[in-house]
Amino acid sequence: MSQLFSKSPKHCAERRRFTISKSHKKLFFAFSSFLTLLLAFIFLIWLTLHPSKPQFSLTQADIYQLSLTRPSLLNSSIQLTFLSKNPNKRVAIYYDQLQAYASYKGQQITGDTSLPPFYQYHEEANLLTAFLQGTALPVAPSFGYEVGRDQIAGKIVLSLKVNGKLRWKVGSWVSGRYRFNVNCVSIIAFGPNAAPTSPLSSNRGTHCSTTV
């Protein structure tokens, strides 16, 4: 009897390897296609929404105390009012871990003050008030001299800062946390005849720079 067809074990193993390799290629192609579509979808959503960073402005700054107890120890008391606005039409914002403080010529002159977290709807604006204080804060020996020069010049310039984290919200989706920093510059009248019992005040609106 003649044998018309036969397969050796080696031939079967090679065919099996070819089949497995072909399956792997199909699986890889399907996964690559799915990943490409997913990234394109995410990119399309980002282009459509592309959240703009929040806008902050300083509406009021009042200095109640700025005095040296020793040549290099400062007591301070400052009240601030900020306006925060969400410019986005489709994206809401959660604000967390907010802290505010004041500085003068690169020196921090109040402690860090925590602000309550809040939620901001589309195109919503909120007023934030912060009462900043410092007790026996170490400052440079030249601090009193610099303040005296500003008083002669008739004005004092403070840098007022807010730091924190925000989360974008689109529908039910909420992003991870992003750190943001707000820096406002306030120019306050401070002449030689300033009344010691009255606060130094500035109610001129000041636009603040915001980085995310």
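This report looks at a surface patch, a nonpolar core and a buried glutamine in a predicted model.

Residues are numbered from 1 along each chain as its sequence is written, and side-chain values use heavy atoms, without hydrogens or water. Local features need pLDDT of at least 70 and side-chain atom pairs pLDDT 80 or more, while totals for chains, interfaces and linings use all residues.

Let's start inside. The largest nonpolar core (buried Ala, Val, Leu, Ile, Met, Phe, Trp, Tyr and Cys residues joined through side-chain atoms within 4.5 Å) has 37 residues, and Leu58, Ile78, Leu80, Tyr95, Ile109, Leu158 and Leu160 touch the most other members. Among the elements that each supply at least two residues of this core are β1 (55-70), α2 (143-153) and β8 (154-170); helices (H or I, at least four residues) and strands (E, at least two) are DSSP runs. Beyond four places in sequence, Leu158 is in contact (heavy atoms within 4.5 Å) with residues including Ile63, Ile78, Ile109 and Ile188.

Now for a polar residue. Gln120, in strand β6 (residues 118-120), counts as buried because its relative accessibility is 0%, buried meaning under 20% relative accessible area and exposed over 50% (1.4 Å probe, protein chains only). Its side chain pairs with these partners:

| Partner of the Gln120 side chain | Distance |
|---|---|
| Glu124, backbone oxygen | 3.5 Å |
| Asn126, side chain | 2.9 Å |

Among the sequence-distant residues in contact with Gln120 are Ser84, Ala92 and Tyr95.

Finally, the outside: Leu39 sits in helix α1 (residues 9-49) and is exposed, with a relative accessible area of 52%.

Definitions and conventions
A polar contact is a pair of N or O atoms within 3.5 Å; within protein, one must be able to donate a hydrogen and the other to accept it, and residues adjacent in sequence count only if both atoms are side-chain atoms.
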